[in-house]
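Trainee: Could you take one charged side chain as a starting point, look closely at its contact, and then connect it to the rest of the chain?

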Amino acid sequence: MMGAMIKRAACFVTCAGCVAVAAGDAPAFTTVQPELFTTLHALSNAFADFDGDGDADLAVSYLDGSIRIYRNDAGAFVGLGARLGLPTAGPEVRSLAWGDFDGDGDPDLHAGLSGDTGVPARNLVFRNDEGHAFVEVANSLGVNVPGADSRQANWVDYDNDGDLDLFSAQRSAPNRMFRNDGGRFVDVSDDLGLADPRRTVGACWFDMDQDGDLDVFQANQQADKDTFYRNDGVNFTDVAPRLGMHQPERTLAEGGVGCTVGDYDNDGLLDLFVATYGPTLLYRNLGGGGFQESGAEAGLRHELHAVGASWGDAENDGDLDLFVAAYVDGDESWSRAHLFMNDGGKFVDVLENGNPLLAADHGIQWADYDRDGDLDLSLTDTFPEDGRHRLLRNELPVAQARRSLQIRVLDRDGLATRNGAEVRLYDVDGNQLGARIVPTGDGYGSQSDLPVHFGLGSAATVDVEVTFLTPRGRIATRIRGVDPREWEGRALVVKED
């Protein structure tokens, strides 16, 4: 562990519009603007700078079918939604994903609807018109999925042609992949071998075999085996059985729900955590396309009703911690989330009874919304009668919060289309400090469009290396001698050559 874990006694602090959150060894967070986030039964959440003013705005979807945008105005949020053309009612919105599909420089929003309620559902895509309005265009783009039961969407460039394609994971129908051809989309699911009928809830894209293109792990429900589709250029091949990652012994009550990608052991290889109904899974990346289930060894093997999961360095000590949203099932279900703090690759759940961070059973997204250097948390809660969304500000001491660096990865045209690119840091002696991935989706049905965040522990000057996935393979761009102090409050931009 690169920096000492800060120990805090349980405490409660008051401030204008805030409610203190801290317990035991848990990092301290304060609840932000609780009077604003009042809508009941929040499901999915995703951050992006939709209006181009330089800070992270937040979209949240709800059980009543509404999608609300919370615009970030210098750290204070203003509720929008209907004024921007987003729905106020309808089928449950189970997933949100930001991505600039039309290459106009602003992020657009995909919403995946659920047919569980018996109401006819379909996928929605809202084109962002310069931050002033959202226009629903799914039909005209050719990406509408009638009768949808969509739990995860991913904006990814699976064919490395420079634009964002759309993958739609379906809970009750075959999955769909739509190839972006100049801003219009073609359904290539059958041609690629991705029209899998298993009940997919989570999908995580990353270059698992380091051959220069994106592969996809799929977490599947109700005893369905998990899948890991390797991208072979022309089509996709499920390699999960060969890798021992398919979970063939599941019961009908068990299954994968969410997944999240991160380098938890700082060896430069991207690992995979899978939230499940049943035993949670941690797949350590061995390199060369191999993985080893290491949950018990790392302290992350637990029998849970886990729904969402997301990696983030909560204390800026240089290693990734893990937040898992879950619930306890019974006559009356209730939320019971977990924050597993990473101490040199070993994890301990630090959330004690009474900590408001426990109230999260679906969505998780980390983001430095106030640009002070540490990661804040957006959490959604569904099952209790009063379950709702919470935004929580990380209260690291100022000096510790500033020990971080954020990197914004763009293509050669300055557009955010390089989802799945990899970012690594090195110290002045050339020692690798760890790896992160440009977001492709995690946290339960969400994909944010944000800079990559590194906590730096005791590191000072660093080298930044970004690996782009291209038709020529993996191409690395390296920037030497980056002083993180020069980038406080903003992100270092790295563009593809």
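Mentor: D181 counts as partly exposed, because its relative accessibility is 35%, and that class lies between buried, which means under 20% relative accessible area, and exposed, which means over 50% (1.4 Å probe, protein chains only). The coordinates are those of a predicted model, in which local features need pLDDT of at least 70 and side-chain atom pairs count only at pLDDT 80 or more, whereas totals for chains, interfaces and linings use all residues. Residues are numbered from 1 along each chain as its sequence is written, and side-chain values use heavy atoms, with hydrogens and water left out.

The partner of D181 is R179, and the two form a salt bridge whose closest N and O atoms are 3.0 Å apart; the term stands for a side-chain nitrogen of Lys or Arg within 4 Å of a carboxyl oxygen of Asp or Glu. R179 is partly exposed as well, with a relative accessible area of 26%. By this rule the chain has 28 salt bridges, and two others deserve a careful reading beside this one.

The pair R176 and D187 forms a salt bridge with its closest N and O atoms 2.8 Å apart. This pair links distant parts of the chain, since R176 is in strand 14 (residues 176-181) and D187 is in strand 15 (residues 184-187), eleven residues apart. Strands here are DSSP runs of E with at least two residues, and helices are runs of H or I with at least four residues, each numbered from the N terminus. The two ends of this contact fall into separate classes of accessibility: R176 counts as buried because its relative accessibility is 15%, whereas D187, with a relative accessible area of 35%, is partly exposed.

In the other pair, R474 and D207 form a salt bridge in which the closest N and O atoms are 2.9 Å apart. R474 lies in strand 38 (residues 473-482) and D207 in the loop between strand 16 and strand 17, so the contact ties together parts that are 267 residues apart in sequence. R474 is partly exposed, with a relative accessible area of 26%, whereas D207 is buried at a relative accessible area of 3%. This contact also belongs to one network, in which salt bridges that share partners join D207, E422, R424 and R474.

Strand 16 (residues 200-206) leads on to a covalent link, for C204 lies in this strand. C204 forms a disulfide with C259, the sulfur atoms being 2.3 Å apart, where a disulfide is taken as a pair of cysteine sulfur atoms within 2.5 Å. Because the torsion about the S-S bond of C204 and C259 is about 120°, the disulfide is right-handed. C259 lies in strand 20 (residues 255-262), so the bond ties together parts that are 55 residues apart in sequence. C204 and C259 are both buried, and the count of disulfides comes to one.

Some charges instead gather without such partners: D331, E332, E385 and D386 make up a patch of negative charge on the surface. Members of a patch have over 30% relative accessible area and no salt bridge, and like charges are joined within 9 Å, with Asp and Glu counted as negative and the place of a charge taken as CG of Asp or CD of Glu. Within this patch, E385 is in the loop between strand 30 (376-380) and strand 31 (389-394), and E385 is exposed, with a relative accessible area of 75%.

Other loops merit attention for their backbone. Q222, in the loop between strand 17 (215-220) and strand 18 (227-231), has a positive phi of about 55° although it is not a glycine, and Q222 is partly exposed with a relative accessible area of 26%. H41 likewise has a positive phi, near 65°, in a residue other than glycine, and H41 is placed in the loop between strand 3 (29-32) and strand 4 (42-48).

As for the setting of these details, the chain has five helices and 39 strands, and its C-alpha trace spans about 55 × 50 × 50 Å along the principal axes. Of its 497 residues, 62% count as buried.

Definitions and conventions
Patches are made of residues with over 30% relative accessible area and no salt bridge: like charges are joined within 9 Å, nonpolar side chains (Val, Leu, Ile, Met, Phe, Trp, Tyr) within 5 Å. Accessible areas come from the Shrake-Rupley method with a 1.4 Å probe; for residues, only the protein chains shown count as cover.
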